[in-house]
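Please read the following walk through the fold with the coordinates open beside the text, so that each residue can be located as it comes up.

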Amino acid sequence: MEEAVRRDGLILGFISLVERSVGEMLEDFGFLINTLIWVVASSHAPPSSSPPYPRTPRPNLLSKSFLPPTKTLDMGELVVPTVVSSVVGVRWVEHDPMEILESVRICIAKAIDKATAAGHNVDSGLKAIGITNQRETTVVWSKSTGLPLYNAIVWMDARTSSICRKLEKDLPGGRTHFMSSCGLPISTYFSATKLLWLMENVEAVKQAVEKGDALFGTVDTWLIWNMTGGIKGGLHVTDVSNASRTMLMNLKTLAWDEETLKTLKIPPQILPKIVSNSEIIGTVGTGWPVPGIPIAGCLGDQHAAMVGQACRKGEAKSTYGTGAFILLNTGQEVVNSKHGLLTTMAFKLGPSAPTNYALEGSIAIAGAAVQWLRDGLGIIKSSSEIEELASRVDSTGGVYFVPAFNGLFAPWWRDDARGVCIGITRFTNKSHICRAVLESMCFQVKDVLDSMHKDAGEKGEVKDAKGEFVLRVDGGATVNNLLMQIQADLLGSPVVRPADIETTALGAAYAAGLAVGVWTEDQVFATEEKSKTARIFCATLDEDLRKKKVASWCKAVTRTFDLADLSL
């Protein structure tokens, strides 16, 4: 279902929603509504900085060239307008928190309508709500008014690079100063530096913090606070997976790290309470659809995908969306990476449940490169066209594309990198470019997995009966069969795509169902039935050719370094 919601002449979002069964258990136990927040970039003018709530000018939002096409985003996926602007060569990316709330309201209402139309008795059948959200995106709002004090600063926003450089210079541990507690390097990626920017640059935030009126949270916190009452007793909470991406939570204690807060001068009273991924957090308040229904599951999107993919210790998944995110479950062991990866949470399915940790490699630009071909260059009219175009050639003709649009994340961590497309000849055509874009996604995933193999070692990975490491994949881009085959070829090992590729939302539903007794953990992690409907892509590329292509890719990556000043 596709719907463009308009208010005051502005498109607020493209919304698709659908209730989702979990195998045959849907009929036996009722169903859960899962709300997934996701983002497709639009573009318009630089943000204002005037308090109390600097709203960005909206005139360009209706420009045809900047709007993403209306499309169906399954599994309750929501799209809200994204502010993208360039300030002295650095990309600022923001969302309007109020539009996120409005989108969620509509999502829930439409999901109920659709479930009712399908014959479900929502009043008696709805057991719980699960939430999964875009991680790291930072919101600060007023406790007394309930209004945001600034736009939400998105995970890919790079405005905090100067703050990061200063911290690296001033702290004795440099870039890795906080890694022993939180598992993360100092980076523009994580919430802490975004919060510091807001506290330093937005007067309304400064004043609210001083008066004790400020509340901080990621998108899950913002949603739950509003859905459970807002200024009338809303619950200020976050879950362990989202908290683990702020750079402020101690991975071992699962509490805010006092030394980190002291070092960064962040007052603990503005931070939410940390809860597990599967427990009854609170109930939906009046003024929302389904009042009284428990919110019983909450996970960051990539952690939810791990649950949806039923990843146990030693198993990995890769989610292909705007970016790509690869996580390897390391069980109850915190594995510190020596090869450019992040140490993070996997999940904690209950207050007294064991904590599962993970190694993660985050790739900033994956599907976004396809969107760039469509919206930026006009090479394709829709994202689905890329597979057919790329299939017209059997290779890239020596072309390598590295989408370092705003730097490189794992395992390179080079914020001075910028995108390159090299190896172009007179005979290069758009099919070669399209295939190179697809290969770039797969090469980046391989870079991360190579690092994971080194960090985890033989004992830290589970292999199939043939002795091969299997990568589980999900996300919208995985419908592209050519992309999946290229991925298997470059890895030299199998890639498994489930019948339901939107496992992020499924994982949140699983977590909520566990909390209210709809199913058991054994049922959630049973893989026999899922494997019967999955598609397996096996490697067919010659080993020597694979090694040659990987070496060429690594050479192309080095060409992206130290290019940030070109935009000045």
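In this predicted model, helix H15, which covers residues 481-491, has nine of its 11 residues buried, so the helix is largely enclosed by the rest of the structure. The buried positions of H15 are Leu482, Leu483, Met484, Ile486, Gln487, Ala488, Asp489, Leu490 and Leu491, a list that includes Gln487 and Asp489 beside residues such as Leu482 and Ile486. At the start of the helix, the backbone nitrogen of Leu482 is approached by a side-chain oxygen of Asn480, which comes to within 3.0 Å. Just after H15 the chain passes through Gly492, where phi is positive, at about 75°.

Helix H16, made up of residues 503-515, can be read in a similar way. Of its 13 residues 12 are buried, so H16 too is largely enclosed by the rest of the structure. The buried residues are Thr503, Thr504, Ala505, Leu506, Gly507, Ala508, Ala509, Tyr510, Ala511, Ala512, Gly513 and Leu514. From its first C-alpha to its last, H16 reaches 18 Å, which is close to the 18 Å expected for 13 residues at 1.5 Å a residue. After H16 comes Gly517, which has a positive phi near 80°.

These two helices belong to a chain that contains 19 helices and 25 strands. Of its 568 residues, 61% count as buried. Where contacts join residues at least 6 apart in sequence, 74% of them are between residues at least 24 apart.

The loop between strand S21 (400-402) and strand S22 (420-422) deserves attention for its backbone, and Pro411 is found there. The peptide bond that leads from Ala410 into Pro411 is cis, with an omega near -5°. Trp413 is found in the loop between S21 and S22 as well, and its phi is near 55°, a positive value in a residue other than glycine.

The aromatic side chains offer another view of this region, and the structure as a whole holds 18 aromatic pairs. One of these pairs joins Phe401 and Phe405 in an edge-to-face arrangement, with 6.2 Å from centre to centre and 65° between the planes. Phe401 counts as buried because its relative accessibility is 5%, whereas Phe405, at a relative accessible area of 26%, is partly exposed. How are the rings of Phe409 and Trp413 arranged? Their centres lie 5.4 Å apart and their planes are at 20°, and since planes under 30 degrees apart count as stacked, the pair is stacked. Both partners fall under the 20% limit for burial, with Phe409 at 12% relative accessibility and Trp413 at 14%. Phe409 and Trp413 are also members of one aromatic cluster, in which they are joined by Trp155, Tyr189, Phe190 and Phe325.

Charged side chains meet aromatic rings in this model too. The charged end of Arg159 sits over the ring of Trp197, at 4.6 Å from its centre. Arg414 lies over the face of Phe561, and there the distance to the ring centre is 4.0 Å.

On either side of Phe561 in the numbering are two further residues to examine, Thr560 and Asp562. Thr560 lies in the segment after helix H19 (543-558), and at 0% relative accessibility it counts as buried. A polar atom of the Thr560 side chain lies 2.7 Å from the backbone oxygen of Val557. Setting aside neighbours within four places in sequence, Thr560 is in contact with Val402, Ala404, Leu408, Asp416, Ala417, Arg418 and Val420. Asp562, which is found in the segment after H19 as well, has a phi near 60°, a positive value in a residue other than glycine. Is Asp562 buried or exposed? With 55% relative accessibility, Asp562 counts as exposed.

A last point concerns the cysteines. A disulfide is a covalent bond between the sulfur atoms of two cysteines. How many disulfides does the structure hold? The number is zero. Cys311 is buried at 0% relative accessibility, while Cys554 is partly exposed, with a relative accessible area of 27%.

Technical notes:
Residues are numbered from 1 along each chain as its sequence is written. This is a predicted model: local features need pLDDT of at least 70, side-chain atom pairs count only at pLDDT 80 or more; totals for chains, interfaces and linings use all residues. Side-chain values use heavy atoms; hydrogens and water are left out. Helices (H or I, at least four residues) and strands (E, at least two) are DSSP runs, numbered from the N terminus. The expected span of a helix is 1.5 Å times one less than its number of residues. Buried means under 20% relative accessible area, exposed over 50%, partly exposed in between (1.4 Å probe, protein chains only). Rings of Phe, Tyr and Trp (its six-membered ring) pair if their centres lie within 6.5 Å; planes under 30 degrees apart count as stacked, over 60 as edge-to-face and the rest as tilted. A charge sits over a ring if NZ of Lys or CZ of Arg is within 6 Å of the ring centre and within 35 degrees of the ring normal. A polar contact is a pair of N or O atoms within 3.5 Å; within protein, one must be able to donate a hydrogen and the other to accept it, and residues adjacent in sequence count only if both atoms are side-chain atoms. Contact means heavy atoms within 4.5 Å. A disulfide is a pair of cysteine sulfur atoms within 2.5 Å.
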